[in-house]
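The exercises below go through one protein chain, from its sheet to its loops. Try each task on the structure before reading the solution.

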Amino acid sequence: MIIDTHCHLNDKRFEKDLDEVIQRAFDADVKGMIIPGADPAELPGAVEIAEKYDNIYFAVGVHPYDKEDFDLSFLEKHITHPKCIAVGECGLDYYRLPDDAEEKEADKAAQKAIFREQIALAKKYGKPLIIHIRDASKDSLDILIKENAREVGGVLHCYNASPILLELDRHGFYYGIGGVITFKNAKKLVEILPQIPKEKLLIETDAPYLTPHPHRGERNEPFYTTLVAEKMAEILQMERTELEEIVLANTQKLFNRFF
Ligand SMILES: [Zn+2]
Ligand SMILES: [Zn+2]
């Protein structure tokens, strides 16, 4: 049994066939899903899906790309919903910064500010964090430690294989592994995977993005976590069922839910 700890089921690309996508996952041992927050305009969609299905939960949060739309009171309105189980995805993403030096610094500063506010929100309500980090490992690490995020812990979703982030294991953080592990050019992640303590591994898709091999280029969906689990078990030289049991226990522990 697998829980897809990160899938954007409220994305437009699932609008037409969401019921089938979810059923395909349930039929294939993918028994639970978590919808992270990203663009606040899509949050009501996530709430609606979580209310409709058992074992589907959502998180409140604002992706660094959507920082202009950050509104703390809007997130706070939804955080007490019984199916809200985390804060995120939030974090730092320096992949598409403006070229101008001054604008670049302003962009980083704005990202950091809403990241800190979301860590504070998670601590206020005792919810774990779903963290998004791209090309910003050092700054993210510093903020998570300085803001004492260990009080609630969380997951580094789509873990980027940065060795410095392994330190966050000691701060209550988990490592979300997704379709990238199946890519032919995933050498860094394949090499670092055995260094992550097994009791800190989670599985995710980040659907509709990052579709595993051999479906790259197609829309990703929770069903494909089965391919991720298979590849992880192969790399770690474990039985897939054994790996899935450990990962399920990790997921229940972090999100404080029995799926
Ligand atoms: Zn992300
Ligand atoms: Zn995501």
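Glu-89 has its place in strand 4. Helices (H or I, at least four residues) and strands (E, at least two) are DSSP runs, numbered from the N terminus. The model is predicted: local features need pLDDT of at least 70, side-chain atom pairs count only at pLDDT 80 or more, and totals for chains, interfaces and linings use all residues. Residues are numbered from 1 along each chain as its sequence is written, and chains are lettered from A and ligands numbered from 1 in the order in which they are written.

**Exercise 1. Find the peptide bond that leads into Glu-89, and one more of its kind.**

Step 1. Most residues other than glycine have a negative phi, and most peptide bonds are trans.
Step 2. The bond from Gly-88 to Glu-89 is cis, with omega near 10 degrees.
Step 3. Another cis bond runs from His-213 to Pro-214, with omega near 5 degrees. Pro-214 is in the loop between strand 8 and helix 7.

**Exercise 2. Work out the strand order of the sheet and name its edges.**

Step 1. Two strands pair if DSSP finds at least two bridges between them.
Step 2. On this basis 8 strands form an open sheet in the order 1-2-3-4-5-6-7-8, with parallel pairing.
Step 3. The edges are strand 1 (2–4) and strand 8 (201–203); each has a single partner strand, so one side of each lacks a neighbour in the sheet.
Step 4. From one strand to the next the twist averages 30 degrees.

**Exercise 3. Describe the surroundings of strand 4.**

Step 1. Take the side of strand 3 (residues 56–60): this strand pairs with strand 4 in the parallel sense over 3 bridges. Phe-58 stands opposite Cys-84 in strand 4.
Step 2. Turn to strand 5 (residues 129–134), which runs parallel to strand 4 and is joined to it by 6 bridges. The bridge partner of Gly-91 in strand 5 is His-132.
Step 3. Follow the chain from strand 4 through helix 4 (residues 101–125) to strand 5: this β-α-β crossover is right-handed, that is, with the strands pointing away from the viewer, the path from the first strand over the helix to the second runs clockwise.
Step 4. Check burial. A residue is buried if 20 or more other C-beta atoms lie within 10 Å of its own, exposed if 12 or fewer, and partly exposed in between; C-beta atoms are placed from the backbone. In strand 4, 9 of the 10 residues are buried, so the strand is largely enclosed by the rest of the structure.

**Exercise 4. Locate the largest nonpolar core and examine Leu-129 and Ile-35.**

Step 1. A nonpolar core is a set of buried Ala, Val, Leu, Ile, Met, Phe, Trp, Tyr and Cys residues joined through C-beta atoms within 7 Å.
Step 2. The largest one has 72 residues, and Ile-35, Ala-59, Leu-129, Leu-156 and Ile-177 have the most contacts inside it. Strand 4 (residues 84–93) gives the largest share of this core, 6 residues.
Step 3. Leu-129, in strand 5, counts as buried because it has 29 C-beta neighbours inside 10 Å.
Step 4. Two residues are in contact if their C-beta atoms, placed from the backbone, lie within 7 Å. Leaving aside neighbours within four places in sequence, the contacts of Leu-129 include Ala-86, Val-87, Ile-119 and Val-152.
Step 5. Not counting residues up to four places away in sequence, Ile-35 touches residues including Cys-7, Leu-9, Ile-49 and Phe-58.

**Exercise 5. Which way do the residues of strand 7 point?**

Step 1. Phe-173, Tyr-175 and Ile-177 point one way and Tyr-174 and Gly-176 the other way, and all are buried.
Step 2. Strand 6 (residues 154–156) runs parallel to strand 7 (residues 173–177), joined by 3 bridges, and the partner of Gly-154 is Phe-173.
Step 3. Strand 7 also pairs with strand 8 in the parallel sense over 3 bridges, where Gly-176 has Leu-202 as its bridge partner.

**Exercise 6. Asn-148 and Ala-161 both have positive phi: which is buried and which exposed?**

Step 1. Phi of Asn-148 is near 55 degrees, and that of Ala-161 is about 70 degrees.
Step 2. Asn-148 lies in the loop between helix 5 (137–146) and strand 6, and Ala-161 in the loop between strand 6 and strand 7.
Step 3. Asn-148 has 12 C-beta neighbours inside 10 Å and so counts as exposed; Ala-161 has 22 and so counts as buried.

Conventions. Axes are lines fitted to C-alpha atoms, for helices over the stretch in contact, and angles run from 0 to 180 degrees between N-to-C directions.
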